[in-house]
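Open the model in your viewer and keep the selection box handy. We'll go from stop to stop, picking out a few residues each time.

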Amino acid sequence: MESKSEVVNEYSSPKEYYSWRQIELLIETVADKILRSNKRYDAILGITNGGIIPARLIARELDIDHISFIPFRSKILHKEEMPSLLESKKYLVIDDIYDTGNIFSVASNEVGKFNCDFAFLVRRFADDGGGGGGGCGGETYVGEILNHKKWIVFPWERKMDNVPT
């Protein structure tokens, strides 16, 4: 388990660059877990910024047309920009990584009264003591457990002149 003094960050941690092929495999893994659960969702809620692209890709795999976003900028939720949610609908909340659990906790608290599950492409550790379970009382789907302290750089985070070969 990661201690608070050993926080993984983009400046001092070693980096691991994910390729688009790795992303597609993670999308397939998460979508397969969801499909095997036989759950159906009315809409996808992507957590900005990291969940925007995974939300679109998972929506494609699950044949879901409605995508909205939970507006985080600089790790702060902008509640005034939250989409209108209905208690009668089932939502799948998507982000790229479950790291410290801070964004998960805030998002889960915000949508907790609604019927929702969470999905992450990757999760830093299998059990960080912070729960990271189904947030809204539902399920959590994860493509890959990292179990390391490298900073993950997703393809959509890189400028083309900084892409490693």
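**Stop 1: a salt bridge to warm up**

Select R73 and E81: they form a salt bridge, and the closest N and O atoms are 3.0 Å apart. (A salt bridge here is a side-chain nitrogen of Lys or Arg within 4 Å of a carboxyl oxygen of Asp or Glu.) R73 is partly exposed at a relative accessible area of 37%, and E81 counts as partly exposed at 40%. For those words, buried means under 20% relative accessible area, exposed means over 50%, and partly exposed is in between, with a 1.4 Å probe and protein chains only.

Before moving on, some housekeeping. This is a predicted model, so local features need pLDDT of at least 70 and side-chain atom pairs count only at pLDDT 80 or more, while totals for chains, interfaces and linings use all residues. Residues are numbered from 1 along each chain as its sequence is written, and side-chain values use heavy atoms, with hydrogens and water left out.

**Stop 2: zoom out**

Switch to cartoon. You should find 3 helices and 9 strands, in the order β-α-β-α-β-β-β-β-α-β-β-β from the N terminus. (Helices are DSSP runs of H or I with at least four residues, strands are runs of E with at least two, and both are numbered from the N terminus.) Of the 165 residues, 45% count as buried. Now think about contacts, meaning heavy atoms within 4.5 Å: among those with a separation of 6 or more, 68% come from residues 24 or more positions apart.

**Stop 3: helix α1**

Select residues 20-37. At 1.5 Å a residue, these 18 residues should span 26 Å, and the end C-alpha atoms of α1 are indeed 26 Å apart. (The expected span is 1.5 Å times one less than the number of residues.)

Which residues of α1 are buried? Colour I23, L26, I27, V30, A31 and I34. Look down the axis of α1: these buried residues fall within an arc of 130°, so they line one face of the helix. (The arc is taken from the directions from the helix axis to the C-beta atoms.) What covers them includes α2 (52-62), β6 (90-98), β7 (115-123) and β8 (140-145). Spin to the face turned away from the buried side, and you'll meet the exposed residues R21 and R36. Just after the helix, N38 takes a positive phi of about 60°.

**Stop 4: salt bridges on α1**

Stay on R36, which pairs with D32 in a salt bridge, the closest N and O atoms being 2.8 Å apart. Both lie in α1, 4 residues apart, or about one turn of the helix. R36 counts as exposed at 56% relative accessibility, whereas D32 is partly exposed at 38%.

Next, select E24 and R60, a salt bridge with its closest N and O atoms 2.7 Å apart. E24 sits in α1 and R60 in α2, so the pair ties together parts that are 36 residues apart in sequence. E24 is partly exposed at 24%, and so is R60 at 35%. How many salt bridges are there by this rule? The count comes to 8.

**Stop 5: H148**

Finish in the loop between β8 and β9 (151-153), where you'll find H148. Is H148 buried or exposed? H148 is buried, with a relative accessible area of 19%. Leaving out residues up to four places away in sequence, H148 touches E16, R124 and F125.
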